[in-house]
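Student: I'd like to learn how to read helix packing and empty spaces in a model. Could you take me through an example?

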Amino acid sequence: MSRKRQHEPGKPGFHGEIDLRALETFVQIVECGGMTVAAKQLGLTQSAVSQVISGLEASLGVQLFNRTVRPLALTPAGELLHAKAGALLASARDTVFSVREAGGGAMPHLTLALVDSIAATVGPYLVAHLRGLAAHWSVYAGLSAAHNASLRAREADIVISPDALEDEPNLERRLILTEPFVLIVPAAYSGDERSLAAVASVLDLVRFSARSLIGKQVERHLRRIRVEAPGQLEFDTSDALTAMVSGGVGWAITTPLCLLQATSHLSGLRCLPLPGPGCSRSITVLARADELGTIPARIADMSVSILRSVCLPRIAAIAPWMADAIQIGDPATEN
């Protein structure tokens, strides 16, 4: 008569020893340098994170952290687990996606967060392709800072943003666009266009909000070239900013993609190359490394195709020199 194998009390079987979510939490704590920061990144309470680690330690039968020192330090067992954790998690994720792809299955749910200028221009065409990537999907637009926080907290799967989060580990990044900053002035402006200082001496600057990355980039550029630009108006959206310039309120620094969000106002302004030193911004597809298989690359490829086939001709119709100054895709990876 066959006998079922019994586990001894306190000695869990193989299937209970490594919980992948607990392992991900452990890795996040190590990379963040503590439970408080890791909890914030994961969107959990510190108590919840502490309980996850206590459960993992109980399951493995070892202490992973030395809690008697500050900052929190790994024990030898913790060091060993951390050294192997990356490969374990990558292998598990790769297995899941390989099985799904072999079966023709889609992701159960996919959440994308897009900076406004991408959402308004690339977004409508990109969304049409998402049905093949996920059974259910969500798309959010807005300021890049909020989206990047969502990526860190695992509330978003993929972000298309002008902030590549270069200091964040374990992200995959795919450059899809580099575009120049350009000067826009009211159509009736007849002053000197050869320097920003000359324009700023006559017109007020209409600013992108200091809460936005593009607003911070513009202000940093003005400080770098030592241009004092009076003007108290700030806007989160390209449409509102462009409308103000078109209405003769002042001048602004923007980008070609942002101008595509506000084509109804273009007749009231002139678009010019930025005088003096050039300045540009890049747009990148971001995702957590080794979690989504080929999906980030596919979304990046779709975005590049849409930028080339839809957006670039529209930008060229506004000003051919703008289209010539745009780099679509990553030149480092193209043949």
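Tutor: Sure, we'll go through two helix pairs, then a pocket, then a cavity. Keep in mind that this is a predicted model.

Student: Let's start with helix 2 and helix 3: at what angle do their axes cross?

Tutor: Roughly 120°, and the two axes come within 8 Å. To put a word on an angle, you look at the range it falls in: 65 to 115 degrees counts as roughly perpendicular, and over 145 as roughly antiparallel. Helix 2 and helix 3 are therefore oblique to each other. As for hand, their crossing is right-handed.

Student: Which residues in helix 2 and helix 3 meet?

Tutor: From helix 2 you have Thr-25, Gln-28, Ile-29 and Cys-32, and facing them in helix 3 are Met-35, Val-37, Ala-38, Gln-41 and Leu-42. Sort that contact by class and you get 6 nonpolar and 3 polar residues, with no charged ones.

Student: And helix 3 with helix 4, how are they placed relative to each other?

Tutor: Helix 4 covers residues 46-60, and it packs on helix 3 at about 105°, the axes being 8 Å apart. With 65 to 115 degrees as the range for the word, helix 3 and helix 4 are therefore roughly perpendicular to each other. Met-35, Thr-36 and Ala-39 of helix 3 touch Gln-46, Val-49, Ser-50 and Ile-53 of helix 4. That contact of helix 3 with helix 4 holds 4 nonpolar and 3 polar residues, and again no charged ones.

Student: Now the spaces. What is the volume of the second largest pocket?

Tutor: About 550 Å³. The way to read a pocket is to ask what lines it. Here 26 residues do, and Gln-28, Glu-31, Arg-154, Pro-169 and Asn-170 are the closest to the centre. Gln-28 should look familiar, as one of the helix 2 residues that meet helix 3.

Student: Which helix gives the most to that lining?

Tutor: Helix 5, with 6 residues. Helix 2, helix 3, helix 5 (76-102) and helix 8 (144-152) each supply at least two. By class, the lining of the second largest pocket has 11 nonpolar, 6 polar and 9 charged residues.

Student: How many cavities of 30 Å³ or more are there?

Tutor: The count is 1. A cavity differs from a pocket in that the probe fits but cannot get out. The largest cavity has a volume of about 160 Å³.

Student: What lines the largest cavity?

Tutor: It has 17 lining residues, with Val-115, Asp-116, Ile-214, Asp-236 and Arg-281 nearest the centre. Helix 6 (116-121) and helix 10 (213-224) each bring at least two residues to that lining. The lining of the largest cavity splits into 7 nonpolar, 7 polar and 3 charged residues.

Key: Residues numbered from 1 in each chain as written. Predicted model: local features only at pLDDT ≥ 70, side-chain atom pairs only at ≥ 80, totals over all residues. Heavy atoms only, no water. 1 Å grid on protein atoms, 1.4 Å probe; cavity = no way out; pocket = protein on both sides within 12 Å on 5 of 7 lines; lining within 4 Å. Points joined across faces, edges and corners; volume = space filled by probe spheres on them. Helix = DSSP H or I, 4+ residues; strand = E, 2+ residues; numbered from the N terminus. Nonpolar A, V, L, I, M, F, W, Y, C, P; charged D, E, K, R; others polar. Axes fitted to C-alpha atoms, helices over the stretch in contact; angles between N-to-C directions. Parallel < 35°, antiparallel > 145°, perpendicular 65-115°, else oblique. Left-handed = near helix turned anticlockwise from the far one by under 90°. Contact = heavy atoms within 4.5 Å.
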